[in-house]
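Trainee: I would be grateful for a close look at one part of this model, namely the surroundings of its ligands. Please place that part within the overall arrangement of the chain as well.

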Amino acid sequence: MSATTTGSRRVLSGMRPTGALHLGNYHGALKNWIDLQYKYECYFFVADIHALTTGYEDTSKLESNVWEMVIDWLAAGLNPATSTMFIQSRVPEHSELHLLLSMITPLGWLERVPTYKDQQEQLKDKDLATYGFLGYPLLQSADILLYKPALIPVGEDQVAHVEITREIARRFNHVYGREPDFELKVDKAIKGLGSKNGNQYKELRRLYQEKGDQAAIEKARALLAGNSRLTLADRERLLGYLEGTGRSILVECEALLTSAAKVPGLDGRKMSKSYGNTIGLREDPDAVAAKLKQMQTDPARVRRADPGDPDKCPVWDLHKIYSDAATQAWVQEGCRSAGIGCLDCKKRLSDRVVAEISGIRQRAQEYEENRDLVRGIIAEGCEKARDLARQTLEEVHQAMGMNYR
Ligand code: TRP
Ligand code: SF4
């Protein structure tokens, strides 16, 4: 069962606090979050425990990185009135669910996640031979499953983590969703729907089970989602019964692949902190203009009189993000005919980038000067997140036979 079909409009995503955000982070992920917050019920968190899995030795910058990122989010336009923002470690349910899920997670599943070997090879200077690093995707699964979201906006590199999350949910439901008196409880729950809805549910289930009728199962899910008299446990039973499994306690979700703009760094490679080719989200405007002047262009365009090819120029990739159609046409024409020089071309871009960064920088400054406000936003977000997380954990305890007090 997936959350999109249970009527959930919830979105959840996290970001590791790795220091000041740059334009790559902004156009690659954050801007997407900012759009989503007006369409979905959004939960965004600082994955500070995840930061530890790849860097446990030096935690001296962790705290400042956390707050710096939260301020970047706010300054860029995440709106606390529509998005719930919180810090992973401040909702201890993440850690507890991670531990409980680790009991049912086969080692092979974690060893086979592509990022496990990839990162170990790429980050040779780091000690990634730890239990915590192996468990990275499972911690992410716990992050996700606690909130029963429908969609997880992530980049390509994270899709495998969302997939393993679905597998973990399925395995959990399989192991703990079976009750000895399941059928009896299902019967009762169907009666609770009332005779009209109850009969419709049974008919839809038959259509799905006998004919694999996809429309029927969607309808049945909508029927359950729209019924406010159902208890949570009964809803899980009826959802599970639809598909022929036990109770469906943890909910499967889907990755929402972000149509991420390609953001080149100053040297033409992907913008990334590890390449040292970034433009910071709240960098000094003069420094930004100076950096852009130095930016790599089409290598074939050596002299002013040489025509260039924007498709071979990273400056053009930035124009695609920042410039309107008229400016883009001006670049295309002027570059190919050598009608404009690279400095003219960069100047137009630079004005746009600087305008954007100046706005973000100014708002960030206001938040910097009002740390209590920022702390308050996060405190409220943590509380709200915790309420949801607690509910799920309670269901998990119950399903695992651990609700003794
Ligand atoms: N692993 C993600 C990254 O590095 C961050 C993350 C942690 C995350 N938990 C998550 C993303 C849950 C989405 C959902 O980008
Ligand atoms: Fe790149 Fe612009 Fe120079 Fe063409 S004119 S090579 S697009 S910087």
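How far apart do the C-alpha centres of domain 1 and domain 2 lie? And what surrounds ligand 1?

Mentor: The model is a predicted one. The C-alpha centres of domain 1 and domain 2 lie 32 Å apart. Domain 1 is assembled from the segments 10-175, 251-262 and 370-399, while domain 2 covers 181-243 and domain 3 covers 282-368.

Let us turn to ligand 1. Its surroundings comprise 13 residues, of which the closest are Arg16, Tyr136, Gln140, Asp143 and Gln158. By class, this shell contains six nonpolar, five polar and two charged residues. Three elements each contribute at least two residues to the shell: strand E1 (10-15), helix H8 (136-145) and strand E4 (151-154). Helix H8 provides the largest share, with four residues.

The polar distances add detail to this picture. A polar side-chain atom of Asp143 is placed 2.7 Å from a nitrogen atom of ligand 1. For Tyr136, the corresponding distance from a polar side-chain atom to a nitrogen atom of the ligand is 2.8 Å, and for Gln158 the value is 2.9 Å. Of the 360 Å² of accessible area that ligand 1 has on its own, the protein covers 91%.

Gln158 also leads to a neighbouring residue, Asp157: the side chains of Asp157 and Gln158 make a polar contact at 3.2 Å. Asp157 belongs to the loop between strand E4 and helix H9 (159-176). In space, the C-alpha atom of Asp157 is 7.8 Å from that of Thr115, although the two residues are 42 apart in sequence.

Ligand 2 offers a second site for inspection. This ligand sits in the largest cavity. Helix H16 (325-336) and helix H17 (342-368) are the elements that each give two or more residues to the shell around ligand 2. The residues around ligand 2 are Thr297, Asp298, Arg301, Cys313, Val315, Val331, Cys335, Cys342 and Cys345. In terms of class, the shell around ligand 2 consists of six nonpolar residues, one polar residue and two charged residues.

To return to the request, the shell around ligand 1 draws on E1, H8 and E4, with nitrogen atoms of the ligand placed 2.8 Å from a polar side-chain atom of Tyr136, 2.7 Å from one of Asp143 and 2.9 Å from one of Gln158.

Terms used: Residues numbered from 1 in each chain as written. Chains lettered and ligands numbered in written order. Predicted model: local features only at pLDDT ≥ 70, side-chain atom pairs only at ≥ 80, totals over all residues. Heavy atoms only, no water. Near = heavy atom within 4 Å. 1 Å grid on protein atoms, 1.4 Å probe; cavity = no way out; pocket = protein on both sides within 12 Å on 5 of 7 lines; lining within 4 Å. Sits in = over half its atoms within 2 Å of the grid points. Nonpolar A, V, L, I, M, F, W, Y, C, P; charged D, E, K, R; others polar. Domains from an automatic or database assignment. Polar contact = N/O pair within 3.5 Å; in protein donor to acceptor, adjacent residues only side chain to side chain. Areas by Shrake-Rupley, 256 points an atom, 1.4 Å probe, with all protein chains shown as cover.
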